[in-house]
Amino acid sequence: MEAVPFHDGNIHDLIESRCLDVRQDVNHSLQMHSSLVRRLSQETELEGHQGCVNSIAWNSRGSLLVSGSDDTRINIWSYSGRKLLHSIETGHCANIFCTKFVPETSDELVVSGAGDAEVRLFNLSQLSGRGPEDNAVPPSALYQCHTRRVKKLAVEVGNPNVVWSASEDGTLRQHDFREGTSCPPAGSAHQECRNVLLDLRSGAKKSLADPPKQTFALKSCDISSTRPHLLLVGGSDAFARLYDRRMLPPLTSCRKRTSPPPCVNYFCPMHLSDRGRTSLHLTHVTFSPDGEEVLLSYSGEHVYLMNVNHAGGSAVQYTSGDASKIMSFIPIVNGLELQQPASSVFRSRLPKRRKATAMHEKCSKLTQIAEKSLEEGNFYHGIEACNEVLDGYGRDIGPILRHDCLCTRAALLLKRNWKNDAHMAIRDCYNARKIDNSSFRAHYYMSEALSQLAKHKEAVEFGMAAQSLAPSNPEVAAQLESVKRKLAAAESERNGKPNDGAPRSEPRGGRVLSLSDILYRSEGNSEASQDGPRSEREDSDYDEELELDFETSISGDEEQDIEPNILHGSVNLRIHRRSDSSREVEGANGSCGSPSSSSQNERLPYQPAAVIDMKQRYVGHCNVGTDIKQASFLGQRGEYVASGSDDGRWFIWEKRTGRLIKMLQGDEAVVNCVQCHPSDCVVATSGIDSTIKLWTPSASVPSIVAGGAAGPETANISSVLSANQRRLSHNRETILYSRSEILEHFRMHEFTEGSLHPFECAQS
């Protein structure tokens, strides 16, 4: 795939154009040009922390970098000097998860949020003239009103007076420095901090069709730099939420729990919207530089791109019934538009004849490469060739070529069979059927995809349709018989009997359960178990539930399937009872009431809102071990997307096509943070290591992942990507315990319900 050109043109032409075109966007195009991205390599390593570096952020000019760490220190670094300027002893008593420069303060104010549920503000002018070691400075403001860990901070461009904090207690709070510089600790008798902007303690949804009930533990938030009234939040369910701050109710206290306010948009890939899995959650959400797109990073999942606005067809919306609609066999396909019909786009946007001919030849060649890759088993590169055609030139190609490429990509996805590849294949088959409803390949691959997802009844319908279109094809007949056997076996199992007719019995009391059986109601180890019939434990009603947060990393040999070597750091444990799942146990602050409108909501049927669907998916990395892993846009135009990974690498994809460009070793264990410099082609990364790495286009030879082992890319690409996908599929199914052993072990510590207690995990 290295022969495929990039879409940003020749860098020499761009440099020369600056003499004639002084527009700012020319420099924006140069910042993360493909020729520079391909030369990215580690330039330097910043040393100064004594623990994992959980947060890094640039100031607006890019002259300073602020970082927060498990060592509870805030470090200020000089970009030009590549050195430590100040190391502040913050006074936090738990890991720092987020740090920010406060805008328009001459970079004198920095703010931090930590696992001790506190937000602290520091004035760097008090450190003037001091060395890096002379760091005693009291906080200028101290906010103690959160009851659980503060995971993310947000600031507004041009606003030096306000900072927003997102916490796992289910609230997003607005701290105005002009109104007060402190607040009583949570639990104080007279605490009345009226700074709750979003109360989502009854805001989490198990699926799109379910009403919000549980506490929505906030993991991330962001404010649009172009439209600062827009606020994006993500947390302990599958749905990111977009709010208009102008439409939110006035700030409230936490004493009375309120119903979640209506949001402008929900964001979630369609195939994740009805899973009902309690472990699926977001670790990071962010706006694109122009504010028109959002990026979502999921734990145990991939990174997804969505459009912000659905008006005018710029984004695809769906409702709770649409997910099943595209999997249903309908002779004439009507309804949900996952993509614009290629034929109409082709007619309305036909380029000039000469360019059209060259482009069509290029796309035809790429499609042939993809078909050859399917025959040779090189599925990954075949998929990238199809992505280049469909996502790079999809608006300008004809319906016949588009149909063929969609079907070929569906076949490649089903053969590769990474997590959710079957769902992506269903999308392609659906769109291919819209172009040609009598397409044999679209029906055949749809049947295979549905079979992989254990939707055998629907698979039989599409298989029969494929057989009617190609009655003499032996492969279709064989697949149809296979699907029918699976359907019969599934129905037999559902009736409580195996195929041999013997009754099935499995005493629940003596069964050995995994951690996820109790904690997360297992996602299963395959796509079939994730999307097929639910296991019996999902319908069980345990007396007690446990929740674990892996704060650092599970690292192991990439070549091994599910054999982790070490569980680094600590695990946070929460125990609560099932009867309390719909309400929050009364905390020290006295906030325990149910939503004021709960009785009214019970009378009215819940009407799920429409959700904005994905426009691109980025795969190859692994996000399981930590819940602070970021996915970021690179450059002022956001042409590239980057994410950390549990294998110690960080990944760069081309935003438009999802093409993996770079895979760089950035940590001994896990890369969590990836932050691009505001104006230079420089990226800062951090993770489990106590250092920060700076990456610049300093490699002597340009390289990309598909181009082989050049520069730092010395690992076998296929084995690394496959190992990451195995980790994603197995997720947290690696440690086996019986339920009684877990509960007995933790009862020894006399945990109180709803409380969090860290404990150390070592290699067993």
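**Exercises: Asp689 and a four-stranded sheet**

Leaving aside residues up to four places away in sequence, Asp689 touches Gly51, Cys52, Val53, Asp667 and Glu668 (contact means heavy atoms within 4.5 Å). The model is predicted: local features need pLDDT of at least 70, side-chain atom pairs count only at pLDDT 80 or more, and totals for chains, interfaces and linings use all residues. Residues are numbered from 1 along each chain as its sequence is written, and side-chain values use heavy atoms, without hydrogens and water.

**Exercise 1.** Place Asp689 in the chain and state whether Asp689 is buried or exposed.

Step 1. Asp689 sits in the loop between β33 (683-687) and β34 (691-696); strands are DSSP E runs of at least two residues, numbered from the N terminus.

Step 2. Asp689 has a relative accessible area of 18%. Buried means under 20%, exposed over 50%, partly exposed in between, with a 1.4 Å probe and protein chains only. Asp689 is therefore buried.

Step 3. Gln50 is 639 residues from Asp689 in sequence, and their C-alpha atoms are 8.9 Å apart.

Step 4. A polar atom of the Asp689 side chain lies 3.1 Å from the backbone nitrogen of Glu668.

**Exercise 2.** Describe the open sheet that contains β19 and identify its edge strands.

Step 1. The sheet has four strands in the order β18-β19-β20-β27, with antiparallel pairing (two strands pair if DSSP finds at least two bridges between them).

Step 2. β18 (282-287) and β27 (616-618) each have a single partner strand, so one side of each lacks a neighbour in the sheet; these are the edges.

Step 3. β19 (residues 293-298) and β20 (residues 303-307) pair over five bridges in the antiparallel sense. Ser297 stands opposite Val303 in β20.

Terms used:
A polar contact is a pair of N or O atoms within 3.5 Å; within protein, one must be able to donate a hydrogen and the other to accept it, and residues adjacent in sequence count only if both atoms are side-chain atoms.
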